[in-house]
Amino acid sequence: MSGRMNVGIAGYGIVGQRRREVIDARPNMRTIAVCDQTLPGEGAFDDGVRHYTTFERMLEAEPELDILFVCLSNDVNPAATIGGLERGLHVFCEKPPGRDVADIARVIAVEKKHPGLRLQYGFNHRYHDSVRDALKLVQSGELGRVINLRGIYGKSQLITFNQTSWRTRRELAGGGVLLDQGIHMVDLLRLFAGEFTQIYSVIGNDFWGHDVEDNAYALMRTADGIVAMIHSSATQWRHRFNLEITLAKGSVTLSGILSGSKSYGAETLTVARVGDDDRGDPREETVRYNQDPSWSDEVAEFAAAITENRPITNGSSDEALKTMQLVFGIYCADPVWRAKWGLSVSGDES
C-alpha cells in the first residue's frame, strides 16, 4: 500500500486520543473519522474529522478507511476488530483482545479468512527502550541462561486516572487488574522466558469487593525449568512496576515505566555482573530513560508491516492468544476462583 492511509478510531477516550496524536504525526497516516458513545451524534470536528457514536455506523459511513484502531471496552473490542477485518481494513486493537480466550479465538478465525490484512494488538510495553535494551542483553547470551524472574505490577485502585467503571464489571471486562494491567507483565514474562507449562496461583477480590480480582499471585515454570513469580495488584498504594531477571552470570532489573500518569517512577534498567569475589554485592550499572518512544514506535512498526507487506513482529494475534491463555491459566490455577466464576482453561465461562 502506497500513499497516505486513512484511519478510523473506534473509542475516542484517553487512549484513542493519544493514538490519534501519534497517527496524525506520521506522514503516511491521517485520521479521518472517530467514534465514541460519548460524542454528540454524527457530525464533524472543526478540523474536519468526522465523528459517530458507534463503530458500526463509522464503518458503514466511511468507505475510504484503510485502517481501524480499536480502543473500546473489552466486551466490544472483538466485535469491532472483526467488523474492521470483514470490511477489508487493517486493524490495530488495544489489549486485552477481549474478555476471554474464546474472544480472541473468534477474531483469529476471521483473520485467517483475510491473509492480506494486518492485525496487531497493543502490547505497548515491548516498545519501551528499557525493555528492548534488556531483551537485547538477555538474548546476547552475555549473562548466560535465564534462571528465574520476579515481576510486580500494581496500582492503587481498579479504576484510576479518570477511567470509567466498566473495568469493575465482570460481564464487560472479563477480569480485573490481572487482565487489565497485569497482562503487560504476563506478556513480558513470556517474552523473556518462553511458554510456561506449570502454574500455581492465588486470586482474590477481598479488598475492593468487585466481581473481578484486585490481586493475583502466581508461581510458574517453563518446560526447561525457568521459574517466574508475578504479583498483579490493585492495592499497591505506591504504584509500582518492577521486573527482576536472574541469569547465570548476572541480573537485569527493570524498574519504573514511563506512562501518561507519571506515577510509576523513573524508568531504569540496572545490570549486575557476577564477579569472582563480589560476596553478594556485584558491581551494577543503571541507565535511566527520559523519553518514551513506545507509542510512536509501535504505530510505526504497524504501518511498516502494512506498507512493506510483512508479518507483525510484536503483538501478533498468535502472541495475543498465548498471553491470554497464560492469563486464564493463572485464573484457573486457583481452584476456588475457577469454581466461583465457572472458568475453563479455554477462558470460556459457564
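## Strands and their partners

In this predicted model, G8 of strand 1 sits opposite L68 in strand 5. Strand 1 and strand 5 (residues 67–70) run parallel and are joined by four bridges. Strand 1 also pairs with strand 2 (residues 29–35), again in the parallel sense, over six bridges. Here I9 faces V34 of strand 2. To get from strand 1 to strand 2, the chain goes through helix 1 (residues 14–24), and this β-α-β crossover is right-handed.

So what about burial? Six of the six residues of strand 1 (residues 5–10) are buried. In a regular strand, side chains alternate between the two faces of the sheet. Both faces of strand 1 are covered: M5, V7 and I9 are buried on one side, and N6, G8 and A10 on the other.

Now for another part of the chain. An open sheet of eight strands, with mixed pairing, follows the order 9-10-11-8-12-13-14-15. Strand 9 (196–204) and strand 15 (284–289) are the edges; each has a single partner strand, so one side of each has no neighbour in the sheet. On average, neighbouring strands of this sheet are turned by 10° against each other, direction ignored. Within it, N242 has S255 in strand 13 as its bridge partner.

Here are the strand pairs side by side:

| Pair | Sense | Bridges |
|---|---|---|
| Strand 1 and strand 2 | parallel | six bridges |
| Strand 1 and strand 5 | parallel | four bridges |
| Strand 12 and strand 13 | antiparallel | six bridges |

Finally, helix 5 (residues 129–140) lies across strands 8, 12, 13, 14 and 15, and runs at about 20° to strand 14 (267–273).

Conventions:
Residues numbered from 1 in each chain as written. Predicted model: local features only at pLDDT ≥ 70, side-chain atom pairs only at ≥ 80, totals over all residues. Heavy atoms only, no water. Pairing = 2+ DSSP bridges. Helix = DSSP H or I, 4+ residues; strand = E, 2+ residues; numbered from the N terminus. Axes fitted to C-alpha atoms, helices over the stretch in contact; angles between N-to-C directions. Contact = heavy atoms within 4.5 Å. Buried < 20%, exposed > 50% of the residue type's maximum accessible area, 1.4 Å probe, protein only. Right-handed = clockwise from strand over helix to strand, strands pointing away.
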